[in-house]
Amino acid sequence: MKISLITYAPQITINGTKKNHSIKFILDPFIKSFGKYNSNENQIELINLDKMLINECLGCSNDLFFVPQEYCRQIDDMNSIYDILRNSDLWFFAIESNSQTPPKKLLNFLDRLEPLFDENFINYENRKNSHKSNQSIFFLGISSLWESSVFDELSFQMQSIAILFNREIKGQILRPHYGAFIEEYNNNNEFQRTILKNIDEIAQSLVNSKPIDESSFHLLNSPVIDRDEYIKKFSEVLSII
């Protein structure tokens with residue numbers, strides 16, 4: 001299995017110092033488990049959107065005489081990853097969002113996937129008669145906001161991309177109030193062991209193209225702190241996002 005690990009978790013600035021976001025607490029165990037269950041023929045390609053130049057879509061396909069290409073006419077970093085994405089069995093999105101509106105760079109990325117469209121699948125009759133491909137999408141979302149509703153639009157975008165590219169949504173980890181999650185992870189050994197076990201189970205199922213047991217998502221997606229307590233305890237973080 002070839003995996004494209006598509007990440008967007010920008011550095012945050014605290015007291016003038018840039019710090020890497022701690023998405024690694026969930027992402028690193030996934031990468032470790034992918035490596036454990038992958039055979040020698042499998043690959044993981046890291047696509048870090050935060051380090052890429054991705055311009056807005058120019059809407060070329062709106063032109064009546066537009067001819068689809070396998071590349072984009074714009075000169076930026078997107079053309080360097082189309083072949084990687086085209087040949088990937090799994091698109092694994094790991095995205096940080098602290099707004100009801102998805103990050104602009106992510107939206108630019110999704111809009112610019114048009115060169116990957118399968119013209120035969122776009123045809124409605126062909127789509128009706130097509131079988132679901134073995135290619136898939138998994139979405140990991142983190143947020144410093146308390147409410148899980150922050151992921152509503154992102155989840156919708158993932159569903160739309162799955163339909164457009166005939167990919168199956170394998171599952172979603174929607175992790176709000178992430179600071180409280182990290183604190184619990186660091187201070188509660190039993191919690192940490194269960195989280196790592198669940199991540200390992202999910203990664204194994206993804207690599208082997210097997211259904212994921214819903215119980216593996218329960219703790220990863222569950223609240224870990226009361227809303228009022230979180231707002232009081234993490235007011236500094238909430239003030240800079």
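In the predicted model, Thr 7 is in contact with Leu 27, Leu 46, Ile 47, Asn 48, Leu 49, Asp 50, Ala 94 and Ile 95, when neighbours within four places in sequence are left aside. Thr 7 belongs to strand S1, which spans residues 2-8. Its relative accessibility is 8%, and Thr 7 is therefore classed as buried, the limit being under 20%. For the protein as a whole, buried residues account for 41% of the 241 residues. The fold comprises eleven helices and seven strands. Of the contacts with a separation of 6 or more, 80% join residues 24 or more positions apart.

A second buried position was examined in a loop. Gln 74 is located between strand S4 (43-48) and helix H2 (82-86). With a relative accessibility of 10%, Gln 74 counts as buried because this value falls under 20%. Beyond the neighbours within four places in sequence, the contacts of Gln 74 are Asn 55, Glu 56, Cys 57, Leu 58, Asn 79 and Arg 112. Arg 112 is separated from Gln 74 by 38 residues in sequence, while the C-alpha to C-alpha distance between these two residues is 9.7 Å.

Cys 57, one of the residues in contact with Gln 74, has a relative accessibility of 37% and is accordingly partly exposed. Cys 72, by contrast, counts as buried, with a relative accessibility of 15%. A disulfide is a covalent bond between the sulfur atoms of two cysteines. The structure holds zero disulfides.

Two residues that are not glycines adopt positive phi values, and both flank strand S7 in the loops that adjoin it. Asn 166, with a phi of about 55°, is placed in the loop between helix H6 (152-164) and S7. The relative accessibility of Asn 166 is 14%, so this residue is buried. His 177 has a phi of about 35° and lies in the loop between S7 and H7. His 177 is likewise buried, because its relative accessible area is 1%, against a limit of 20%.

Helix H7 (residues 178-187) was considered next. The buried residues of H7 are Tyr 178, Ala 180, Phe 181, Ile 182 and Tyr 185. These residues pack against several elements, namely H1, strand S6 (136-142), strand S7 (168-175), helix H8 (189-207), helix H9 (215-221) and helix H10 (227-233). In an α-helix there are 3.6 residues a turn, so residues three or four places apart point the same way.

The packing of H7 on H1 (residues 24-37) brings the two axes within 11 Å, at a crossing angle of roughly 60°. On the H1 side, Lys 24, Phe 25 and Ile 26 form the contact, and on the H7 side the participants are Tyr 178, Phe 181, Ile 182, Tyr 185 and Asn 186. By class, six of the contact residues are nonpolar, one is polar and one is charged.

H7 also packs on H8, with the axes 5 Å apart and an angle of about 110°. The two helices are therefore roughly perpendicular, as the angle falls within the range of 65 to 115 degrees. The contact involves Phe 181, Glu 184, Tyr 185, Asn 186 and Asn 187 of H7, together with Asn 189, Phe 191, Gln 192, Ile 195 and Leu 196 of H8. This contact divides into five nonpolar, four polar and one charged residues. Phe 181, Tyr 185 and Asn 186 of H7 thus appear in the contact with H1 and in the contact with H8.

The remaining pair among these helices is H1 with H8. Their axes come within 9 Å and cross at roughly 45°. Such an angle makes H1 oblique to H8, and the crossing is right-handed. H1 contributes Ile 26, Pro 29, Phe 30, Ser 33, Phe 34, Lys 36 and Tyr 37, whereas H8 contributes Leu 196, Ile 199, Asp 200, Ile 202, Ala 203, Gln 204, Leu 206 and Val 207. The contact residues consist of eleven nonpolar, two polar and two charged. Ile 26 of H1 takes part in the contact with H8 and in the contact with H7, and Leu 196 of H8 is found in the contact with H1 and in the contact with H7.

Key:
Residues are numbered from 1 along each chain as its sequence is written. This is a predicted model: local features need pLDDT of at least 70, side-chain atom pairs count only at pLDDT 80 or more; totals for chains, interfaces and linings use all residues. Side-chain values use heavy atoms; hydrogens and water are left out. Axes are lines fitted to C-alpha atoms, for helices over the stretch in contact, and angles run from 0 to 180 degrees between N-to-C directions. Helices (H or I, at least four residues) and strands (E, at least two) are DSSP runs, numbered from the N terminus. Contact means heavy atoms within 4.5 Å. Ala, Val, Leu, Ile, Met, Phe, Trp, Tyr, Cys and Pro count as nonpolar, Asp, Glu, Lys and Arg as charged, and the others, Gly among them, as polar. A disulfide is a pair of cysteine sulfur atoms within 2.5 Å. Buried means under 20% relative accessible area, exposed over 50%, partly exposed in between (1.4 Å probe, protein chains only). Angles under 35 degrees count as roughly parallel, over 145 as roughly antiparallel, 65 to 115 as roughly perpendicular and the rest as oblique. A crossing is left-handed if the near helix is turned anticlockwise from the far one by less than a right angle, and right-handed if clockwise.
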